[in-house]
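Biologist: I am new to this one, and I would love a friendly tour. Could we go through it by question and answer?

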Amino acid sequence: MDPDELATAFEQHRPRLRAVAYRMLGNPDDADDALQETWLRLNRTGDAEIDSLAAWLTTVTGRICLDMLRSRSTRREAPLPTGLPDDIGPELPHDDVPDPAQEAELADVVGLAMQFVLQSLDPAERLAFVLHDLFAVPYEQIAPVLGRSVAASRQLASRGRRRVQSGAAAQDGGVSGVGSRTAAEIRTDRQVVEAFLTASRTGDLAGLLAVLAPEVVLRADQSAVETAAASADKGAPLLAREVRGAAAVAEAFRGRAGGAVPALVGGAVGFTWAPGGTPRAVFAVVVHDGRIASVDLVGDPGAIAVLGVELLG
């Protein structure tokens with residue numbers, strides 16, 4: 001192909017490649033970066049020795065995403081965006097697709113909750129599961145990306161599948177512990193969350209600012225936004241889809257959280273509003289360096305069911 005034809009061919013594959021990258025990385029900006037690198041490699045390589053462009057692009061995108069995930073091993077994952085970008089969704093274009101029952105089960109967990117669970121998988125597990133179960137890439141193509149045998153790749157996907165379906169990926173520990181929290185970190189995280197809730201209930205603005213990172217982000221899913229709007233006549237505050245900065249987030253929580261309690265959310269410390277012991281709103285929290293870096297409010301019942309919420313006494 002000449003350069004223009006190659007660019008056109010790449011654009012035809014872009015939606016699927018971006019879906020793969022988003023599921024792997026959990027962040028649309030990172031997904032775009034991965035696709036840019038994929039295009040640069042294709043542009044340098046050309047297609048003269050590529051038998052299947054679709055397979056080659058998927059393999060290269062997967063390898064780039066795996067490298068990006070492994071580079072996060074010395075730090076926390078990037079905060080999870082609320083919901084999915086409009087152009088991201090599961091796609092099963094190959095003949096080697098899961099059976100209808102498996103596909104239906106996976107469809108039930110696609111969304112913020114699933115992405116939250118995926119973040120807690122070991123990078124190799126995540127790649128094997130995402131490529132095979134969500135995008136029907138054969139294990140023979142996945143194995144070279146992982147540098148593992150076909151059998152080992154199949155085992156990684158199976159392990160990831162079980163953990164995603166259980167909704168408790170972070171609780172049972174990964175192959176290398178990537179994305180999981182140690183017992184000591186969980187204790188520290190809980191202290192931070194409890195200090196945050198105390199400051200919120202008492203309206204202590206200084207206390208809130210003390211436990212919020214300067215660039216903290218509060219995100220809410222559409223269900224939570226709509227619920228807040230419907231309850232506005234009862235005094236409930238309106239809720240924005242996204243609030244940025246410590247001052248704005250502190251103001252959003254000041255004098256609130258009266259009924260919230262600490263909880264494990266997918267194995268990480270967060271908090272929830274759970275009247276009668278049933279979670280109705282879940283706040284997934286990322287703590288970094290002793291401060292809250294992000295709060296993701298989940299109000300969708302289906303998403304809450306998948307997150308694996310455990311109230312902390």
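Modeller: Happily; we will look at a sheet, a helix and some aromatic rings in this predicted model.

Biologist: In what order do the seven strands of the open sheet lie?

Modeller: The pairing in this sheet is mixed. Strands β2 (242-244) and β7 stand at the edges with a single partner strand each, so one side of each is left without a neighbour in the sheet. Neighbouring strands are turned by 25° against each other on average, direction ignored. Read across, the order is β2-β1-β6-β5-β4-β3-β7.

Biologist: How many of the six residues of strand β3 are buried?

Modeller: Strand β3 covers residues 260-265, and buried here means under 20% relative accessible area. The strand is largely enclosed by the rest of the structure, because the number of its residues that are buried is five.

Biologist: Which residue in β4 stands opposite Val261?

Modeller: Strands β3 and β4 (residues 268-273) pair in the antiparallel sense over six bridges. They form a hairpin with two residues between them, and Gly266 in the turn has a positive phi of about 60°. One bridge of this pairing matches Val265 with Ala268. Opposite Val261 stands Thr272.

Biologist: And in β7, what is the bridge partner of Ala263?

Modeller: Strand β7 (residues 309-311) runs antiparallel to β3, and three bridges join the two. In β7, the partner of Ala263 is Leu311.

Biologist: At about what angle does helix α9 run to β4?

Modeller: Helix α9 spans residues 183-202. It lies across β1, β3, β4, β5 and β6. Its angle to β4 is about 30°.

Biologist: Is the aromatic pair of Phe196 and Phe253 edge-to-face or stacked?

Modeller: The ring centres are 4.9 Å apart, with 75° between the planes. Planes over 60 degrees apart count as edge-to-face and those under 30 as stacked. Phe196 lies in helix α9 and Phe253 in helix α12 (residues 246-253), so the pair ties together parts that are 57 residues apart in sequence. The pair of Phe196 and Phe253 is edge-to-face.

Biologist: How many residues apart are Phe196 and Phe271?

Modeller: These two form a tilted aromatic pair, 5.8 Å centre to centre with 40° between the planes. The pair links helix α9, which holds Phe196, to strand β4, which holds Phe271. Both residues are buried. Along the chain they are 75 residues apart.

Biologist: Which residue joins Phe196, Phe253 and Phe271 in one aromatic cluster?

Modeller: Phe196 is buried at a relative accessible area of 0%, and Phe253 is buried at 6%. The cluster holds these two together with Phe271 and one further residue, Phe283.

Technical notes
Residues numbered from 1 in each chain as written. Predicted model: local features only at pLDDT ≥ 70, side-chain atom pairs only at ≥ 80, totals over all residues. Heavy atoms only, no water. Buried < 20%, exposed > 50% of the residue type's maximum accessible area, 1.4 Å probe, protein only. Helix = DSSP H or I, 4+ residues; strand = E, 2+ residues; numbered from the N terminus. Pairing = 2+ DSSP bridges. Axes fitted to C-alpha atoms, helices over the stretch in contact; angles between N-to-C directions. Contact = heavy atoms within 4.5 Å. Phe/Tyr/Trp six-rings, centres within 6.5 Å; stacked < 30°, edge-to-face > 60°.
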